[in-house]
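Colleague: Got a minute for this model? I'd like to go through a few spots with you.
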Amino acid sequence: MANDHLPPFLRALLHRDCYDHPATDIKLVQTHISQVILAGDYVYKFKKPVNFGFLDFSDLAKRRACCEQELLLNRRLCPEIYLGMVTVTAESDGTFVFNGSGPVVEYGVKMARMPEDRMMVHLIGKGLLHADHIDALVAVLADFYQRAENGPEIARFGTAAAVAVNVLENFDQTRPFIGQGGLDRTQFETIVDFARTFLAREACFKQRVEGGFIRDCHGDLYSANICLADRVHIYDCIEFNQRFRYCDVASDVAFLVMDLEYHGLDQLAGRFVDRFIQATADHGLPGMLNFYKCYRAYVRGKIGLFTAADPAVDPAVRTANLEQAAKYFRLAQRYAAC
């Protein structure tokens, strides 16, 4: 069984008697870096003890520090969702409890659970995402980027050389997977050639840096991290590596645009770009979008491969991730061919 691969503390938390609130519908959701427990009106998020190079959660102290950063950074966009940090402790009777008196075995983040029927991915799946949602997203994001921190230390992450570190790293990490998850040799080489050619256009990146478009962004801006309820909630930003969050606003925006196109919503994607440019006067955005859309699609494909390779995920999740990875790589190839 897939649960046999879970750490003991996590298996314990799948039982309702661990909670001091109603938790009749406990569900575990896994990504390549996190294990998330949905329990009643709350969500508990734990980081897997992994080290992928671009992130390092390999020891308890590092996971604690990243939990603290996760709270701080995500409260920029949805402070009412991020409630605080929790500990899981090992008690003398062999049980695991939240915030107990025994040794801490894990740190996690406690969040208010958002309505699943208002998650952006659900709205997309039901065909209920419409223009008003797009306009609301633009309003929130335009304000967020205007207020987002910038300056010389952040701006240096927008140079061609700095962006190349992120982009080319993906190719190094996925080269062993060629022939899996829909990533074939031709796709790989097409995307690599496109990326290297664009990265050689150093003047384009310099113009973005000088224009002040490199900001402390979200870093993971797509429909899985957006809830369109009574207000727009954008959560789960990148906390584990500044070089993924310190980026061109175009890179953040491209992720959401790519995601809409991944779901076949090209018209809404176009509306988002048009309205965003109107709201921000960022007329240089279109020239960067295709490059960053290709980059973002490839990252999502890579994550699908990583998740499928995790022995803790069940066969259905593994198959779904490989299918999604193949679709993302086809999309990245499409952008590279434009």
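Modeller: Sure. Start with helix α10, residues 249–262: 14 residues, reaching 20 Å from first C-alpha to last, close to the 20 Å expected at 1.5 Å a residue. Expected span means 1.5 Å times one less than the number of residues. Helices (H or I, at least four residues) and strands (E, at least two) are DSSP runs, numbered from the N terminus.

Colleague: Any ground rules?

Modeller: It's a predicted model: local features need pLDDT of at least 70, side-chain atom pairs count only at pLDDT 80 or more, and totals for chains, interfaces and linings use all residues. Numbering starts from 1 along each chain as its sequence is written, and side-chain values use heavy atoms, leaving out hydrogens and water.

Colleague: Is α10 mostly covered or open?

Modeller: Mostly covered, with 14 of its 14 residues buried. Buried is under 20% relative accessible area, exposed over 50%, partly exposed in between (1.4 Å probe, protein chains only).

Colleague: What caps its N-terminal end?

Modeller: Aspartate 248. One of its side-chain oxygens lies 2.8 Å from the backbone nitrogen of alanine 250.

Colleague: Switching to strands. What does β3 pair with?

Modeller: β2 (34–39) joins it antiparallel through six bridges. β6 (104–112) also pairs with β3 in the antiparallel sense, over five bridges. Pairing takes at least two DSSP bridges.

Colleague: Which residues match up?

Modeller: Serine 34 partners lysine 47 in β3. Valine 43 partners methionine 111 in β6.

Colleague: Why call β3 enclosed?

Modeller: Five of the six residues in 42–47 are buried, so the rest of the structure largely encloses β3.

Definitions and conventions. A polar contact is a pair of N or O atoms within 3.5 Å; within protein, one must be able to donate a hydrogen and the other to accept it, and residues adjacent in sequence count only if both atoms are side-chain atoms.
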